[in-house]
Structure formats: structure tokens, C-alpha cells
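Trainee: Could you take me through one part of this model in detail, and show how the rest of the chain is arranged around it? I would like one connected account, please.

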Amino acid sequence: MGKKIAIGGDHAGFEYKGKLVEKLTSLGYEVKDFGPYSSASVDYPDFVHPLSSAIEKGEFELGIVICGSGNGVAITANKHQGIRASLCWNKELAALARQHNNANVLALPARFISYELAEKLAEIFLTTPFEGGRHQNRVDKIACK
């Protein structure tokens, strides 16, 4: 395994983030926690922008961002040209994000899914390969030039 994973979010995702860091580390992933480091109210862009920049630079293969709805962290991550963040709340979306969109960041809505589902979505996202083929042409057209 050994993939390098970046993880971050906001106060609403703090609890899930901590549990996911432990789980992913136990599975052999190298995980960097970009914060936050407590459940005190914070602004998610302060954590998601550095995480996204690190992925763009190639320091990490994939990322996971977590906030209450998953929307704020996904929108922020997607401001980066090299990021394709996908908000997922079920197993099929997590698989398709990787298979068809080559998403490199999973966005999770902590207030709308159980921790157990969040863990399963992360597992699916991190282990599902991009199919390439007809999907590659579409992915190549995503970034603004």
C-alpha cells in the first residue's frame, strides 16, 4: 500500500478526521493531518488550501477533506487547478469519483453520514483505480486553461 494521503477539514469534521487518521495509518497509509487539531470553530479554507497545494505539488497522492456538509471543503479544494474533489455520501459515488473522474480528493459530509460509512467511503476511494479510456479525454478538459 504505502500511499501518501493528506487529510484535513474543519471543526465539524474533526472527530471523523481523527478516527480516519488512525484507521488509515493502521492500514499502512502514510497520512499527514493538515488540521484542524481541535473541535474549536475554524475556517476550513485555512486547512484545505495548504492540503490542496501539497497534492498539486505531488507531495501526496490523494486527499480527504471533511466538514459538516462536505460542500465548503469541496468547493475550496476545487479552486486549485490540479484538484478534482468529489463530494460523496454513498459507496457508488466514491467508486465512480475515482473510476470516471480520477478524483484526487474525497470530500465527506460529517453531519450527514455515519463514521462507519465515512470509513467505508475512504476505503473505496483510496483503493479504486481510474479506468482511463474514454474518461481520460473528459478529465483532460476539466482544468481551466
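**A close look at strand 5**

Mentor: Happy to! Strand 4 (residues 85-87) and strand 5 run parallel and are joined by three bridges. Please keep in mind that this is a predicted model. Within that pairing, Ala 85 stands opposite Val 105 of strand 5. To get from strand 4 to strand 5 the chain passes through helix 4, and this β-α-β crossover is right-handed.

Strand 5 has a partner in strand 3 too: the two pair in the parallel sense, over five bridges. Here Leu 108 of strand 5 is the bridge partner of Ile 66.

Now look at how well strand 5 is covered. Five of its five residues are buried. In a regular strand the side chains alternate between the two faces of the sheet. In strand 5, Val 105, Ala 107 and Pro 109 lie on one side, with Leu 106 and Leu 108 on the other, and both faces are covered.

What lies around the strand? The largest nonpolar core has 26 residues, and those with the most contacts inside it are Leu 20, Ile 64, Ile 66, Leu 108 and Leu 126. At least two residues of this core come from each of strand 1 (4-9), helix 1 (14-26), strand 3 (62-67), helix 4 (91-99), strand 5 (105-109) and helix 5. Helix 5 gives the most, with seven residues. Another core lies apart from this one; it has 16 residues, and Ile 55, Phe 60, Val 105 and Ala 107 are among them.

Leu 108 is a good residue to centre your view on. Setting aside neighbours within four places in sequence, Leu 108 is in contact with Leu 20, Ile 64, Val 65, Ile 66, Cys 67, Gly 70, Cys 88, Ile 113, Ala 118 and Leu 121.

Two of those contacts are cysteines, Cys 67 and Cys 88, which makes the sulfur atoms worth a check. Cys 88 is buried, because its relative accessible area is 0%. The closest cysteine sulfur to that of Cys 88 belongs to Cys 67, but at 13 Å this is too far for a bond. The structure holds zero disulfides. Cys 144, by contrast, counts as exposed, because its relative accessibility is 64%.

From Leu 108, move on to helix 5, whose buried residues are Tyr 115, Ala 118, Leu 121, Ala 122, Ile 124, Phe 125 and Leu 126. These buried residues pack against strand 5, and also against strand 1, helix 1, strand 3 and helix 4. The helix also passes a simple check of its geometry: at 1.5 Å a residue its 13 residues should span 18 Å, and the end C-alpha atoms are 18 Å apart, so the two agree.

Beyond helix 5 (115-127), the loop that leads to helix 6 (134-140) holds Pro 129. Pro 129 is exposed, because its relative accessible area is 57%. Neighbours within four places aside, Pro 129 is in contact with Arg 98 and Gln 99. As a last link back to where we started, Pro 129 is 44 residues from Ala 85 in sequence, and their C-alpha atoms are 15 Å apart in space.

Conventions. Residues numbered from 1 in each chain as written. Predicted model: local features only at pLDDT ≥ 70, side-chain atom pairs only at ≥ 80, totals over all residues. Heavy atoms only, no water. Helix = DSSP H or I, 4+ residues; strand = E, 2+ residues; numbered from the N terminus. Buried < 20%, exposed > 50% of the residue type's maximum accessible area, 1.4 Å probe, protein only. Contact = heavy atoms within 4.5 Å. Core = buried A, V, L, I, M, F, W, Y, C linked by side-chain atoms within 4.5 Å. Expected span 1.5 Å × (residues − 1). Pairing = 2+ DSSP bridges. Right-handed = clockwise from strand over helix to strand, strands pointing away. Disulfide = S-S within 2.5 Å.
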